[in-house]
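Colleague: I've got some questions about how you label things here. Mind talking me through them?
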Amino acid sequence: MIFETLFNALTNNAIITAFFFVGLVTAISYWISTNLTNGYIHGSAIAIALGLLLAYFGGYLTGGDKGLADIPLFAGVGILGGAMFRDFAIVATAFGVDLKHLKNAGLIGAISVIFGVVLSFFIGAIIAIMFGYNDAVSITTIGAGAATYIVGPVTGTALSASTEVIALSVAVGLIKSILVMIVTPFIAPYIKLNNAESAMIFGGLMGTTSGVAGGLAATDPRLVPYGAMTATFYTGVGCLLAPSVLFLIVRALVS
Amino acid sequence: MVVYGVALLAFCMLTGIFLGDLLGQLIGVDANVGGIGIAMLLLIFIANVRTNRFEINTLTKSGVNFWSAMYIPIVVAMAAKQNVLAAISGGWMAIIAGVMTVIISFLMIPVLYKLLRRDSNDDF
């Protein structure tokens with residue numbers, strides 16, 4: 001009876017449970033950071049990795065597609081970690097942005113977004129060809145997935161690719177997004193990801209909003225608004241270019 | 001009041017998403033184009049406006065700053081709801097394509113940084 005009551009209290013107040021859960025994960029992560037890594041790995045990087053690990057188990061246990069949030073007890077995590085709150089918090093980070101850092105933002109942002117979409121697309125397309133795909137629609141869809149896991153299915157649907165290929169394009173985008181979240185803090189020092197301009201280029205090249213949001217959070221939260229600003233245009237540009245210009249290029253090259 | 005800050009944030013986000021959706025429809029794309037980026041620009045613009053009749057006070061600021069501080073916890077929740085299983089079960093092609101994309105994109109950051117920085121420095 002006690003357990004049932006507790007379970008009800010937690011599930012009926014899903015988002016409050018999520019607040020507590022995230023606080024707990026963060027506390028554990030910072031403890032691990034100071035005591036086990038001597039502060040070498042930042043607490044938020046560990047928290048994100050722990051979140052991804054829990055997401056894996058959530059998916060494994062339930063077979064759903066929302067990670068830990070598919071477990072009823074953690075449904076609130078899905079709301080708190082959903083696009084609505086994520087974007088709300090991302091917009092809030094812009095409050096600290098200095099206008100003078102944004103002087104050249106237009107040019108740097110636009111160039112890196114377009115370059116980023118095209119670059120990711122062709123890497124994905126080349127790998128698809130190496131794995132034996134030879135029709136323009138499948139190659140384009142997988143290439144689009146290498147942009148983001150939203151561009152993939154949008155492009156695949158527009159070109160009527162098979163559901164199998166669309167699922168694959170989502171998987172490519174997810175791998176990219178998760179990898180960016182995990183490795184960014186470790187690579188940041190080597191690629192001078194420590195100022196507004198390079199954060200903007202990073203956002204434009206990577207493009208995955210979740211990946212960029214997670215990666216920069218664990219690197220230096222002050223960089224978040226700059227990276228997020230460019231990343232937020234990426235999916236739109238990808239959905240514009242992939243099923244049109246990029247598809248035509250692939251079709252011309254393949255046939 | 002604190003709620004003014006939260007409301008300001010909400011106003012910026014809703015306006016941005018609305019404009020991003022319109023922009024998407026305008027160029028014929030089934031996606032929001034830069035809505036959150038537009039929202040951020042709007043917030044930055046409003047935050048930097050200072051006249052004798054309008055200034056954001058400390059209490060209002062704290063309404064925005066709270067959500068800014070909640071950013072990392074929200075990102076942790078976001079990580080916990082990713083479809084990690086699907087990503088891994090996509091097979092070798094998905095993993096190789098994802099890994100190669102990330103590696104090459106990372107390598108291009110310093111290259112692009114050098115190019116774009118030089119360009120922008122020439123402007124001044």
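Colleague: Start with chain B: how many helices and strands does chain B have?

Modeller: Keep in mind that this is a predicted model. Chain B has six helices and zero strands. Going from the N terminus, the elements read α-α-α-α-α-α.

Colleague: What is the radius of gyration of chain B, set against a compact globule of 124 residues?

Modeller: The globule rule is 2.2 Å times the number of residues to the power 0.38, and for 124 residues that comes out near 14 Å. Chain B has 20 Å, so the chain does not match the value for a compact globule. Along its principal axes, the C-alpha trace of chain B spans about 60 × 45 × 35 Å.

Colleague: And what share of the residues in chain B is buried?

Modeller: Buried residues are 42% of the 124 in chain B. They are called that because each has 20 or more other C-beta atoms within 10 Å of its own. As for contacts in chain B between residues at least 6 apart in sequence, 54% join residues at least 24 apart.

Colleague: Over to chain A. Which domains does the assignment give?

Modeller: Domain 1 covers 2-81 and domain 2 covers 100-254. Their C-alpha centres lie 27 Å apart.

Colleague: What makes up the contact between domain 1 of chain A and domain 2 of chain A?

Modeller: Six residues come from domain 1 of chain A and seven from domain 2 of chain A. They count as in contact because C-beta atoms of paired residues lie within 7 Å. On the domain 1 side, the classes are four nonpolar, two polar and no charged residues.

Notes. Residues are numbered from 1 along each chain as its sequence is written. Chains are lettered from A and ligands numbered from 1 in the order in which they are written. This is a predicted model: local features need pLDDT of at least 70, side-chain atom pairs count only at pLDDT 80 or more; totals for chains, interfaces and linings use all residues. Domain bounds come from an automatic or database domain assignment. Two residues are in contact if their C-beta atoms, placed from the backbone, lie within 7 Å. Ala, Val, Leu, Ile, Met, Phe, Trp, Tyr, Cys and Pro count as nonpolar, Asp, Glu, Lys and Arg as charged, and the others, Gly among them, as polar. Helices (H or I, at least four residues) and strands (E, at least two) are DSSP runs, numbered from the N terminus. A residue is buried if 20 or more other C-beta atoms lie within 10 Å of its own, exposed if 12 or fewer, and partly exposed in between; C-beta atoms are placed from the backbone.
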